[in-house]
Amino acid sequence: MNDDLRADLRRILGIQAVRAFLYGFGAVILGASLAASGASNVAVGLLSAAILAGMAISAITVGILGDRWGRRRTYSGLLLVMGIVGAAYAATDRLWILIVLALLGVLSTDANENGPLTTLEQAMIGQAPAETRLRVFGRYNAVAFLAGAFGALLAGGPAFIHSYWNAAPTGRAWFLLFPIGAAICLWLAAGLSAGLETEVARSRIPLERSRATVTKLSSLFAVDAFAGGFVITVFIVFWFSKTFGASQELMSTVIFAAGLLQAASSVIAPRIAARAGLLNTMVFTHLPSNVLLILVPFAPTLGSAIALLLARFALSQMDVPTRQAYIAAMVDPSERTAAAAATNSARYVARPAGPIIGTLLMRVAYGAPWVAAGAIKAGYDVVLWRVFSKVPLPESAAD
């Protein structure tokens, strides 16, 4: 790995850390603010769906035009918009304005997910040598989970500070951290080398040999993402607040602990995959996590529900770095950017429907979104295994 690429990867990890912190912080603040303001289930579902829809729309746009605009220019432009949207969220609580801003695609419901920014970062990380790629993806996701966890933990600080200082800002006013974080990200992005443009950017990268494989993977990932939309962070904070009366401080601690577990699993996953294989690691860590997801709403107490949730988070994200490496291994090198854009776009297109349908399911039973999400995700694991267990990785990717 040359020095320029090594420096670029460090800067990308730094940007990932800052924005993951902001997403972890913002998800808890937004969920708690909605619960405190008496927002309806429908309002929460619509806003969550708008955030996910914005990620999908912008990911598709970047996949089509990002190379033509230039990766570094597109990357910096999105980071600038992220800061502007954060400032706007701090200034207003009108639902329709929040929804319109969410459709710009620069917010996220989870620390390690953002449509256009993630697509660009994965394409850049894909330039790492094959023998180190899985490890880099592991670090990339570990940084996101860890930074997002600290963001979620510090989201409990505003309420604590306000209890001792009445003049301290509360609620959405803390979204003013977004423009500050965006400025740091822009400073880091300014140092990315021109080599990223010449090695990655192309006017078009068709899917030829890999088309059938990517189509199958995209379809399956869309199902998994659709189910994941039922139980995003904003919903989790909102549901625990309404069901058990959990405080903002407690939920920020829970999301922090979940992030620590996810970060640890992202580091461990490459080591497991080196022995068990990428597909085995994806399926056989994800499947038991979905059983735990189904059990959460049946927990009789707040403590037991949190324990099940944390146990689920300890396993649920091991498939993320392995999935990213699996996609890179299954396709030709010249088609990796197109494959990443296609699979990511499929996930982001399918996910916005999750919060809306989850909201409707809550009318049937308040815990129904948990059960539906776990059942659909478990079905995804079974089908993924049956379809791809007999498909060998290309010899060039055997290592």
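User: Which residue takes a positive phi just after α11, and about what angle is it?

Analyst: That's Gly 245, with a phi of about 70°. Before we go on, this is a predicted model: local features need pLDDT of at least 70, side-chain atom pairs count only at pLDDT 80 or more, and totals for chains, interfaces and linings use all residues. Residues are numbered from 1 along each chain as its sequence is written, and side-chain values use heavy atoms, leaving out hydrogens and water.

User: What makes α11 a helix here, and how do you know that its span agrees with its 12 residues?

Analyst: Helices are DSSP runs of H or I with at least four residues, strands are E runs of at least two, and numbering starts at the N terminus. α11 covers residues 233–244. The expected span is 1.5 Å times one less than the number of residues. For α11 that gives 16 Å, and the end C-alpha atoms are 16 Å apart, so the two agree.

User: Why is α11 called largely enclosed?

Analyst: Buried means under 20% relative accessible area, exposed means over 50%, and partly exposed is in between (1.4 Å probe, protein chains only). In α11, 9 of the 12 residues are buried, so the rest of the structure largely encloses it. The buried ones are Thr 233, Val 234, Phe 235, Ile 236, Val 237, Phe 238, Trp 239, Phe 240 and Ser 241.

User: What do those buried residues of α11 pack against?

Analyst: Their partners are α1, α2, α12 (248–276), α14 (302–316), α17 and α18 (368–388). Contact means heavy atoms within 4.5 Å. Take Phe 240: leaving out residues up to four places away in sequence, its contacts include Gly 245, Met 251, Leu 302, Ile 306 and Trp 370.

User: What makes a set of residues a nonpolar core, and how many residues does the largest one have?

Analyst: A core is a set of buried Ala, Val, Leu, Ile, Met, Phe, Trp, Tyr and Cys residues joined through side-chain atoms within 4.5 Å. The largest has 74 residues, and Tyr 75, Met 82, Tyr 89, Phe 235, Ile 236, Phe 240 and Trp 370 have the most contacts inside it. Helix α1 (residues 3–36) gives the largest share, 12 residues. There's also a second, separate core of 19 residues, with Val 214, Leu 278, Leu 279 and Val 331 among them.

User: Why does Asn 290 count as buried or exposed?

Analyst: Asn 290 has 0% relative accessible area, so it's under the buried cut-off. This residue is in helix α13 (residues 278–295). Beyond its neighbours within four places in sequence, Asn 290 contacts Gly 374, Lys 377, Ala 378 and Asp 381.

User: How do you know that Asp 224 and Lys 377 form a salt bridge?

Analyst: A salt bridge needs a side-chain nitrogen of Lys or Arg within 4 Å of a carboxyl oxygen of Asp or Glu. For Asp 224 and Lys 377 the closest N and O atoms are 2.8 Å apart, so the pair qualifies. Asp 224 is in helix α10 (residues 211–228) and Lys 377 in α18, so the bridge ties together parts 153 residues apart in sequence. Both ends are buried, Asp 224 at 3% and Lys 377 at 6%.

User: How many salt bridges are there, and which others can you show me?

Analyst: The whole structure has 5. One of them joins Asp 3 and Arg 6, at 3.1 Å between the closest N and O atoms. They're 3 residues apart in α1, which means about one helical turn. Asp 3, at 61%, is exposed, while Arg 6, at 31%, is partly exposed. Another joins Asp 319 and Arg 323, at 3.5 Å. Those two are 4 residues apart in helix α15 (residues 319–330). Asp 319 is buried at 2%, and Arg 323 is buried at 6%. Shared partners also link Asp 224, Arg 347 and Lys 377 into one network.

User: What makes Val 42, Leu 46, Ile 356, Ile 357 and Leu 360 a nonpolar patch?

Analyst: Patch residues have over 30% relative accessible area and no salt bridge; nonpolar side chains (Val, Leu, Ile, Met, Phe, Trp, Tyr) are joined within 5 Å, like charges within 9 Å. Val 42, in helix α2, is partly exposed at 38%, so it clears the 30% bar. Together the five cover about 380 Å² of accessible area, worked out by the Shrake-Rupley method with a 1.4 Å probe, where for residues only the protein chains shown count as cover. α2 (41–69) and α17 (353–364) each supply at least two of the residues, and α17 has the largest share with 3.
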